[in-house]
Amino acid sequence: MITKAELDILITLRNNNNREWFTEHKKEFQQHEKKAKAFFQEVYDELGKQDSIEKMQIFRIYRDVRFSKDKAPYKNHFSVGFTRTKPLLRGGYYLHIEPGASFVGGGFWDPNAEDLNRIRKEFEMDDEEIRTIISDPAFKSFFGTLEGEELKTAPKGFDKTHPAIDLIRKKQYLISRSFTDKEVTSPDFKKEVLATFQAMRPFFDYMSEVLSTNLNGEPLY
């Protein structure tokens, strides 16, 4: 499980985000990072019993600062992503451990142009099913609402007065659930992470069907 010690080392790193401190305390940091990675592996093993996962990606602590105004060299969190097996299963799971800002997320972070257009075309044609999913009490209790960046107006080729324009203008389709530090360090945290992933599945499975069929509902694969 994730303990207070893992959160504490991240707080200390946040307050000393420089190469000198990190070099001096690297072995200590790596001990806590190893525990976080072990926890991620346990989540992966359990998730694989519920869903078909193509890969797990544990993100490195080092930041890519080449194009960022923030030149802090290290992240202040531990994180991992799990990708469903393509092409029939779509959507990605994400787990983020950060003091005061931990969350479980998922969805479609950066869909390519073809997939994004296919999703928008589906919503243009019929938005009843997606609205049923995101208005379901179970969905709302876990995630609240559908998130993600969106255009200020309609994308090219779409009517800005369309009833589903709130969905069509989105560039991302994301959902998330936040956790307190107390919840993260609870013995039940892994169970809650997996339950949250499972609650994403109706949304994922619907979007997977959209992205693996044409507008006539005919399979592409």
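A crossing of two helices is called left-handed if the near helix is turned anticlockwise from the far one by less than a right angle. In this predicted model, helix 1 passes helix 3 in such a left-handed crossing.

Helix 1 covers residues 4–15 and helix 3 covers residues 26–50. Their axes are 9 Å apart and make an angle of about 135°. Angles under 35 degrees count as roughly parallel, over 145 as roughly antiparallel and 65 to 115 as roughly perpendicular, with the rest called oblique; helix 1 is therefore oblique to helix 3. On the side of helix 1, the residues that meet the partner are A5, E6, I9, L10 and L13. Helix 3 contributes E28, F29, H32 and K35. Sorted by class, this contact has five nonpolar residues, one polar residue and three charged residues.

A second helix pair is formed by helix 4 (residues 113–125) and helix 9 (residues 189–211), which pack at an angle of about 105° with axes 9 Å apart. Because an angle of 65 to 115 degrees counts as roughly perpendicular, helix 4 and helix 9 are placed in that class. From helix 4, the residues D115, R118, I119, E122 and F123 take part in the contact. They meet Y206, M207, V210 and L211 of helix 9. By class, the contact of helix 4 with helix 9 has six nonpolar and three charged residues, and no polar ones.

Two single residues can be followed next. F142 lies in helix 6, which spans residues 137–143. Its relative accessibility is 24%, so F142 counts as partly exposed. Setting aside neighbours within four places in sequence, F142 is in contact with S176, R177, A195, T196 and A199. The C-alpha atom of F142 is also 9.2 Å from that of S178, a residue 36 positions away along the chain.

Q172 sits in the loop between helix 7 (165–168) and strand 5 (173–179). With a relative accessibility of 8%, Q172 counts as buried, because the cut-off for that class is under 20%. What does the side chain of Q172 reach at 3.0 Å? The partner is the backbone oxygen of W109. A polar atom of the Q172 side chain also lies 2.9 Å from the backbone nitrogen of E149. Apart from neighbours within four places in sequence, the residues in contact with Q172 are F108, W109, E147, G148 and E149. The side chain of this loop residue thus has backbone partners in W109 and in E149.

Methods. Residues are numbered from 1 along each chain as its sequence is written. This is a predicted model: local features need pLDDT of at least 70, side-chain atom pairs count only at pLDDT 80 or more; totals for chains, interfaces and linings use all residues. Side-chain values use heavy atoms; hydrogens and water are left out. Axes are lines fitted to C-alpha atoms, for helices over the stretch in contact, and angles run from 0 to 180 degrees between N-to-C directions. Helices (H or I, at least four residues) and strands (E, at least two) are DSSP runs, numbered from the N terminus. Contact means heavy atoms within 4.5 Å. Ala, Val, Leu, Ile, Met, Phe, Trp, Tyr, Cys and Pro count as nonpolar, Asp, Glu, Lys and Arg as charged, and the others, Gly among them, as polar. Buried means under 20% relative accessible area, exposed over 50%, partly exposed in between (1.4 Å probe, protein chains only). A polar contact is a pair of N or O atoms within 3.5 Å; within protein, one must be able to donate a hydrogen and the other to accept it, and residues adjacent in sequence count only if both atoms are side-chain atoms.
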